[in-house]
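Here is a short, friendly tour of one protein model. Have the sequence and the 3D view open as you read.

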Amino acid sequence: MLSNELKQNPFSVPENYFESLQERVSQRAGMLSNEWKKNPFSVPENYFESLQERLAERITGTVPVMVKHRSWRSQLAFAASFALLTVMGYGMFSLLSKPEETIQHAEEDLYALIKTVSPN
């Protein structure tokens, strides 16, 4: 079983803490709500009166046309990658399209190598 020391609550609450709790919370909430009611933003004088005129001035101005220029380096890189992929594709196609001939040439090369190396 638990000892008597562990059964006792080590924490204490000030007298009338819960009786005055509602008053203190209401008081602090009232202080906060007054702070929240203040508007932290401000607008310059006659801002909305002159807004239409300022927008009309901006709209009537000419709109610059954006022209995109690609650099020669990016075009060169694109051309080089296209050429590389074309060469690789042709190489793969030529290897895979005639596997019998490739195997036959490999066998002939192997036999020729063996004949040159062997003493017979």
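## Two asparagines and a nonpolar patch

Asparagine 16 counts as exposed, at 53% relative accessibility (exposed means over 50% relative accessible area, buried under 20%, partly exposed in between, with a 1.4 Å probe and protein chains only). The model is predicted, so local features need pLDDT of at least 70 and side-chain atom pairs count only at pLDDT 80 or more, while totals for chains, interfaces and linings use all residues. Residues are numbered from 1 along each chain as its sequence is written, and side-chain values use heavy atoms, leaving out hydrogens and water.

Asparagine 46 is exposed too, at 52%. Here are the two residues together:

| Residue | Phi | Place |
|---|---|---|
| Asparagine 16 | near 55° | loop between α1 (4-7) and α2 (21-37) |
| Asparagine 46 | near 55° | loop between α2 and α3 (51-60) |

Most residues other than glycine have a negative phi.

The protein has 5 helices and 0 strands (DSSP runs numbered from the N terminus: helices are H or I with at least four residues, strands E with at least two). Buried residues make up 0% of its 120 residues. About 12900 Å² is exposed, 62% of it supplied by carbon and sulfur atoms (areas by the Shrake-Rupley method with a 1.4 Å probe; for residues, only the protein chains shown count as cover).

Now to helix α5 (residues 99-117), where tyrosine 111 is found. Tyrosine 111 is exposed, with a relative accessible area of 53%.
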